[in-house]
Amino acid sequence: MTQTFNAHFYPEGFADSQDVSVLLDAAGWLNFKAFGRKYRCSFDKVTVSDRLGRAPRFLMLPDIGQLETRDNDFIDMALRHFGHPSKRMLWLPRLERTPSWILGLLIVVVVTGWATYRHGIPAMAKATAPLVPDKVRELAGKESLEWMERSWLAPTTLSEERQQALRQAFDDHFGDSLNGLNVRVLFYNSEGVGANAFALPDGSLIFTDQFVELVSEDEFLAVAAHEIGHVQHDHGMRGIISSSTLVATTMLMTGDSEALSEIIVTAPYALAQLSYSRDMEREADTTAMELMQAAGLNRRAFASALRKMMASHGASKGDAKVWEEYLSSHPATDERIRRFE
């Protein structure tokens, strides 16, 4: 085959460029004239860029420079005719114009993204959390608590005697089962949050006055056992790592450098808005069962505590939606309640 095509020539080592007419002869040599000189290069020595839609292709000529051309159809034909190594990629442009392939690729991307979000990131967080230094946990807990105190936690109205009695009961029942966990029991008043309890990464267990006034001592201890489970399995830190990974992934995909700062700025209070996954709740529930059994507590106390908390937030039996949407780390489903009954 012998044919000419138009191109833009960029000589190696020079800033100037020139439009040229390139002849590809039957022997497989590129011939053209630019800047008063004749150039000749074997086509099989040329590196050809992949075809991407209607974008121009680049032909890199060793020790000469590069040609830019939009005559993609001719270049594809030449690649096939001369058996050029780049012909292996000629199937890509056809796929780019195939609706079924595009749809299939979209499905693969969506499924992969969902699997990464649902399984990949949680697995990574679970493996990474134990490597986080205790100082980081302490800082995350401290910053989270300070943010909550500024937002919706107020000093407790419980008497010192009541607080001390609950802490003593906590120590009596679980003190020997904490396995070195640095756990502390804290009480706060919160009209906005209402009856609630949650754990921070540093081992702080937060109980609202509204929760304490709602439940019996056994029910308080049952929920406390559940919160110990969150601390034991490092759910708070795993949640922060997962959310930070999502922000970092968004930054890499969008090129938004400001997203990196979001990891640092939002991490302290992201935990306060974090709803634990179903798997995390099951882990914490299992730990609660074990702790309650070891302490001689009736596990039904946990089920009754959940029912009371649901009712206090306007959710009736069998209607967990209101509770799940509430700012809480405890989606109290009937399934979980039945497990403790």
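Helices here are DSSP runs of H or I at least four residues long, and strands are E runs of at least two, numbered from the N terminus. With that in hand, let's walk through this predicted model, starting in a loop. Asp44 is found between β4 and β5. With a relative accessible area of 51%, Asp44 counts as exposed, because the cut-off for that label is over 50%. The side chain of Asp44 makes a polar contact, at 2.4 Å, with the side chain of Ser42. Leu30 sits 14 residues away from Asp44 along the chain, and the C-alpha atoms of the two are 9.8 Å apart.

Now zoom out for a moment. The protein has 341 residues, and 43% of them count as buried. Its secondary structure adds up to 13 helices and 11 strands. If you take the contacts between residues at least 6 apart in sequence, 58% of them join residues at least 24 apart. The accessible surface comes to about 18300 Å², with carbon and sulfur atoms accounting for 55% of that.

Back to the strands on either side of that loop. They belong to an open sheet of seven strands, paired antiparallel in the order β4-β3-β2-β1-β7-β6-β5. Its edges are β4 (37-42) and β5 (47-48), each of which pairs on one side only. So what does β5 pair with? Two bridges tie β5 to β6 (residues 57-61), and the two strands run antiparallel. You can pick the partners out by eye: Val48 stands opposite Leu59, while Thr47 has Met60 as its bridge partner.

Moving one strand over, β6 is joined to β7 by five bridges, again antiparallel. Arg57 of β6, for instance, stands opposite Thr69 in β7. These two strands form a hairpin with three residues between them, and Asp63 in the turn has a positive phi of about 65°.

β6 is also a handy place to look at the two sides of the sheet. In a regular strand, the side chains alternate between the two faces. Here Arg57, Leu59 and Leu61 make up the covered face of β6, whereas Phe58 and Met60 are on the uncovered one. As for helices, α1 (residues 72-81) packs on the sheet and touches β1 (3-11), β2 (18-24), β5, β6 and β7 (65-69). The direction of α1 makes about 50° with that of β6.

Next, the nonpolar cores. The largest has 39 residues, and those with the most contacts inside it are Phe170, Phe174, Phe207, Phe211 and Phe220. The elements giving two or more residues to this core are α5 (160-174), β9 (184-189), β10 (197-199), β11 (204-208), α6 (209-214), α7 (217-232), α10 (278-295) and α11 (300-312). Of these, α7 provides the largest share, with eight residues. Zoom in on Phe211 and, leaving aside residues up to four places away in sequence, you'll find that it touches Ala195, Asn196, Glu219, Phe220, Val223 and Met309. Apart from this core lies another one of 22 residues, including Ala7, Ala34, Phe43 and Leu67.

One last stop is Ser144, in helix α4 (residues 134-151). Is Ser144 buried or exposed? It is buried, because its relative accessible area is 0% and the cut-off is under 20%. A polar atom of the Ser144 side chain lies 2.7 Å from the backbone oxygen of Ala140.

Key: Residues are numbered from 1 along each chain as its sequence is written. This is a predicted model: local features need pLDDT of at least 70, side-chain atom pairs count only at pLDDT 80 or more; totals for chains, interfaces and linings use all residues. Side-chain values use heavy atoms; hydrogens and water are left out. Buried means under 20% relative accessible area, exposed over 50%, partly exposed in between (1.4 Å probe, protein chains only). A polar contact is a pair of N or O atoms within 3.5 Å; within protein, one must be able to donate a hydrogen and the other to accept it, and residues adjacent in sequence count only if both atoms are side-chain atoms. Two strands pair if DSSP finds at least two bridges between them. Contact means heavy atoms within 4.5 Å. Axes are lines fitted to C-alpha atoms, for helices over the stretch in contact, and angles run from 0 to 180 degrees between N-to-C directions. A nonpolar core is a set of buried Ala, Val, Leu, Ile, Met, Phe, Trp, Tyr and Cys residues joined through side-chain atoms within 4.5 Å. Accessible areas come from the Shrake-Rupley method with a 1.4 Å probe; for residues, only the protein chains shown count as cover.
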